[in-house]
2 protein chains.
Amino acid sequence: MAEGEAPAEPRAGRRRRLDTTARRVKARQQPWGRWHNALKPVELLSTDQIEAIHQATLTILEEVGVAILLPEARQILKAAGCAVDEASQRVRFDRHLVEAMVAKAPATVGLHARNPAHDLVLGGDEVCVATCVGPPNVVDLDRGRRNGNWADYCDLLRLAQALNVVHLNAGYAPEPIDTEIATRHLDCTLAQLSLTDKVPWTFTFAPRRMHDVFEMVRIARGVTAEELMARPGFYSLINTNSPLQIDQPMLHGIIEMAKLGQPLCITPFALAGAAMPVTLAGTLAVMNAEILAGTTLAQVVRPGAPIVYGAVGVNVDLRSGAPVYGSPEFVKLQFAGGQLARRYGLPLRASPMNTSPTVDEQAAYETAIPLWGILQSGVNLMLHGVGWVEGGLAVSYEKCILDAEMLQVMRAATQPLAVDAESLALDAIRDIGPGGHFFAHQHTLERYESAFYLPLLSDWRSHAQWKDDGAKDALARANRLWKDLLAEYQEPALDPAIREELEAFVARRKAEGGAPLLY
Amino acid sequence: MAEGEAPAEPRAGRRRRLDTTARRVKARQQPWGRWHNALKPVELLSTDQIEAIHQATLTILEEVGVAILLPEARQILKAAGCAVDEASQRVRFDRHLVEAMVAKAPATVGLHARNPAHDLVLGGDEVCVATCVGPPNVVDLDRGRRNGNWADYCDLLRLAQALNVVHLNAGYAPEPIDTEIATRHLDCTLAQLSLTDKVPWTFTFAPRRMHDVFEMVRIARGVTAEELMARPGFYSLINTNSPLQIDQPMLHGIIEMAKLGQPLCITPFALAGAAMPVTLAGTLAVMNAEILAGTTLAQVVRPGAPIVYGAVGVNVDLRSGAPVYGSPEFVKLQFAGGQLARRYGLPLRASPMNTSPTVDEQAAYETAIPLWGILQSGVNLMLHGVGWVEGGLAVSYEKCILDAEMLQVMRAATQPLAVDAESLALDAIRDIGPGGHFFAHQHTLERYESAFYLPLLSDWRSHAQWKDDGAKDALARANRLWKDLLAEYQEPALDPAIREELEAFVARRKAEGGAPLLY
């Protein structure tokens, strides 16, 4: 493939060029499975405090309002009873309308993959881990840092398919800037639907793009449009333009995704100290106002439209004005955001983001700390779950492996603990008595295989053993692991007739010139 | 100082040899302060499950009993009503005696430093961070890995004094094996009392050693023995010899620390799958039995003796038999252990331990994950809080800095979040309206200085800025930071008369030959 040219169809089997040994890494992972989080969420705020934020939010929506930059959206909201000032594009929301509309959004949403084994539910105690959204760069130890491109986009899809901790795709990681913008959504959707059989992602932007993705997912699933609306098959994210403003492409996203019945996450770019107040309570009130405004619009368009509460509050570094992810404020905003999502009965989106300028110890702890935080805030949709570094400006192959290990550990740590006669093991304890050893006892031998977590990346040998074996640090081991996973990668089966139909659709839409990025 | 020879008095000011610039790192840390954790602990087990473990524990203590290897301890327990079999050294505990005795242990214990600004409380919502216990090796980027020695022991005490996140000393990190065993406790206690003014640690072992430390702490505090007993000034830890066995030095520790009125943490070496059942519930029952047996002995010796519940459950790697720290099972045992400590109203000891064979990304995430876990289990005494690596076989200078950053972040993340009229900022939100910017608003400017956490180690600049500035990764930056902290280190003031008295005591006890390690 020439530089700058993207194939309409990703080629299978091209991973052979990687120098790897066949060690069947995939089989050494924890198995695929839906993640139910047994830990009750942290309640950092009292019920009264949450109610104070809720009331402040309604006051903001009623008195200050939100700038709604798409005429069509203003008309929809005006017809629903909002006060609209066309000159300022400002929409003021009656508090009762907001409460009534938000109550219509469902608490849980099914997400159906082309492989039913990869179906998911957004909501309840379920955690769905997705890949990164939007990194413009890509990095690994061998090839260094480079612009996002088609080859890396496809390889990272393959890696996401191979990693059992990844439940669904997000997009595009990295952004394949060597593909035509007008047809990028066609290329990227085809890649997701052929290189993976997990739930695909779409960007919103122009309505035509969402309709294209809808049609491709419909073909891949072999269902009717009605069936796809009833059993959603892809999802997206919009960012509001904080404070209190939603631009045209984002409003198109809200309206079209609602019409198409596919889940949409609404996440303000909630920069405390910049686009948001410097106080966390103020940031929460503005963030909440923007999410509820978008949710209200979606419910007016189509009652019951699935909306995910995108609680991602970030503070700025007041020395530079740059966003800071993974800070203590980030974690606290997350706890409170989770409480607000539960207040409204909406699924929660959150992300274990970090600000680290490279993949090192900082990237590791700055991911692990918010990862715990978001799990303890009740996250349902974990965007940026694997590979994120540099505040989202790059996706890293090695970081994907680091994150996969952390996620595996956290998933195991958030499972229930059995306490019953068998697990209390009184007979074995009586048998062995003081000073004995359980290692060779029947009670142990019967449970040997599956008793404890086995790591993917972590090395649990002694320093001496580790040193004798080449002293490979975690990054070097991660480098080996992603190469092995790609070497072992097998493209998931796709009915040839469906593949043909998808390719024909892409070819036709490309011949028509694709679709504009915006509208 | 010649190899193998330890000075009675650590020399002040010897840090000058380090090549550093005076950047006043100490002042860039978060300030010293007691840590109150606003997060309610995780309740992974139901009340019924906790009760099932409690009842199983009492059955074990009553039917199986515990091997108590010190005749004096058996006599004490026999006099209290336990059934003692001298041939097997087995002591069986009446369940009502256990419940009555455990109820006598206090829920909170004050720990008083020679500098009252460094006083602490073990219990309630307070988290006290201590240094490592017992690493035989020490490592840093410049000098590599080496045996524990006196110079590093003193430097790591200086670093612990300089780090505001460290609340109290533990010992010895690293073990100064170039000092005489018979007088090591004298050297190490003098170093703790002169190089730091934080609460010191003692090992238990022979009673004479604990009496020496008691006397030195009494001198340093300038109080009577009665005053030191009423307001404890040092603490220790014993490990039981699981399963269901406590050896002579550990029993001396329980008896003497109870007599001296100083807090003692009882921590089984709870290796699930080896010394303990492979099932976590079984491990919890045996661990709990050992802690309650030791607590019962302490309360019989002296009702109200302060005991810390040492819930550290570790699984073995069933491939090798080696202990695994930081695993999912470790975290789950921690949650349950915290629930048991609360069941008995005892302060909780826990540790963010890792198994990583070197200080790398694994060490970072394998520390951050259990760190969250132990905070969410309600830890009060955090042993091994800074510097631990290699499953405890080494203490690392750079890891001390990594851990200090993580602890600073977690401390800030576990504080309450204010929600009131000022923080909701409705006036500022009205002022600025849609599409505006809060950065230059009065509401922001008034809070600019202290609004957000500022890091010690983390680099929050862009990849380009970081690269232009030399691309120093987190380990390289940690290396610079500990050197700067040691260069800036100032020995805390100590009354010359007290210093003289301490030195005279040490000289006299050295002339007497010190004290045996055991008895």
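**Figure 1. Pairing of strand 15 with strand 16 in chain A of the predicted model.** Asn315(A) stands opposite Val324(A), a residue of strand 16 of chain A. The two strands, 15 and 16 of chain A, pair in the antiparallel sense, and two bridges connect them. Strand 16 of chain A covers residues 323–324. Together with strand 15 of chain A it makes a hairpin, with six residues between the two strands. Within the turn, Gly321(A) has a positive phi of about 85°.

**Figure 2. Strand 15 of chain A and its pairing with strand 13 of chain A.** Strand 13 of chain A, residues 270–272, runs parallel to strand 15 of chain A, and three bridges join them. One residue pair in this arrangement is Ala270(A) with its bridge partner Gly313(A), in strand 15 of chain A. Strand 15 of chain A spans residues 313–316 and is covered on both faces. Gly313(A) and Asn315(A) are on one side, Val314(A) and Val316(A) are on the other, and all four are buried. Asn315(A) thus appears in two views: it is buried here, and it is the residue opposite Val324(A) in the hairpin.

**Figure 3. The contact between chain A and chain B.** Each chain is represented in the contact: 101 residues come from chain A and 101 residues from chain B. On the side of chain A that touches chain B, the largest share comes from helix 12 of chain A (residues 361–375), with nine residues. Sorted by class, that side of chain A has 63 nonpolar, 24 polar and 14 charged residues.

**Figure 4. Helix 11 of chain B, residues 328–344.** With 17 residues at 1.5 Å a residue, helix 11 of chain B should span 24 Å; the C-alpha atoms at its ends are 25 Å apart, which agrees. Because 14 of the 17 residues are buried, helix 11 of chain B is largely enclosed by the rest of the structure. Gly345(B) follows helix 11 of chain B and has a positive phi, near 65°.

**Figure 5. The surroundings of Val102(B) in helix 4 of chain B.** Helix 4 of chain B covers residues 95–102 and includes Val102(B). Val102(B) has 20 other C-beta atoms within 10 Å and therefore counts as buried, since the cut-off for burial is 20 or more. Leaving aside neighbours within four places in sequence, Val102(B) is in contact with Leu292(B), Thr295(B), Thr296(B) and Tyr344(B). Asp48(B) is 54 residues from Val102(B) along the chain, and the C-alpha atoms of the two are separated by 20 Å.

Note on methods. Residues numbered from 1 in each chain as written. Chains lettered and ligands numbered in written order. Predicted model: local features only at pLDDT ≥ 70, side-chain atom pairs only at ≥ 80, totals over all residues. Buried ≥ 20, exposed ≤ 12 C-beta atoms within 10 Å, placed from the backbone. Pairing = 2+ DSSP bridges. Contact = placed C-beta atoms within 7 Å. Nonpolar A, V, L, I, M, F, W, Y, C, P; charged D, E, K, R; others polar. Expected span 1.5 Å × (residues − 1).
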